[in-house]
Amino acid sequence: RIIGPDDPELRAPTVSIIPHKKSIKEMQAVLADEKLMVGAGHFYGVRPLTGMGIPLETGVLRLSFVHYTTEEEIDQLIRGLEKALN
């Protein structure tokens, strides 16, 4: 589940997700094995997460992009997410 708007015009290049079937820590470990650096936690967003009913103990999985993120890195992330979600 993506947290926040789906429309890329309405969001920053940071995407927070909550996996349905695996824990955030499990997802983070698989992505780390795939050489992907992703964060997990509440990222000091206690009030928004609490307001959305997201437990602070687990928080969200955060994926961040910048202007120099390459297509190859996006492809690597997609492959990593496919592996982590299966």
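Tutor: Let's start with the labels: helices (H or I, at least four residues) and strands (E, at least two) are DSSP runs, numbered from the N terminus. The model is predicted: local features need pLDDT of at least 70, side-chain atom pairs count only at pLDDT 80 or more, and totals for chains, interfaces and linings use all residues. Residues are numbered from 1 along each chain as its sequence is written, while side-chain values use heavy atoms and leave out hydrogens and water.

Student: OK, pockets. How much space lies in the largest pocket?

Tutor: Rolling a probe the size of a water molecule over the atoms shows where empty space is left. A pocket is an open set of points on a 1 Å grid over the protein atoms alone, where a 1.4 Å probe fits, with protein on both sides within 12 Å along at least five of seven lines; lining residues have an atom within 4 Å of a point. The largest one here holds about 370 Å³, the space filled by probe spheres set on points joined across faces, edges and corners.

Student: Which residues lie nearest its centre?

Tutor: Leu 36, Met 37, Val 38, Ser 64 and Phe 65, out of 16 lining residues. Both β4 (60-64) and α3 (71-85) put in at least two residues, and α3 has the largest share, with 4.

Student: Now α1 (24-33). Which of its residues are buried?

Tutor: An α-helix has 3.6 residues a turn, so residues three or four places apart point the same way. In α1, Ile 24, Met 27 and Leu 31 are buried (under 20% relative accessible area, 1.4 Å probe, protein chains only; exposed is over 50%, partly exposed in between). They fall within an arc of 65° seen down the helix axis, so they line one face of α1; the arc is taken over directions from the axis to the C-beta atoms. Lys 25 and Asp 33 sit exposed on the face turned away.

Student: What covers the buried residues of α1?

Tutor: The cover includes β3 (39-41), β4 and α3, with contact meaning heavy atoms within 4.5 Å. Right after α1 comes Lys 35, with a positive phi near 65°.

Student: Is Leu 10 buried or exposed?

Tutor: Exposed, because its relative accessibility is 63%. Leu 10 belongs to the loop between β1 (2-3) and β2 (14-17). Between Leu 10 and Asp 33 there are 31 Å, C-alpha to C-alpha, for a sequence separation of 23 residues.
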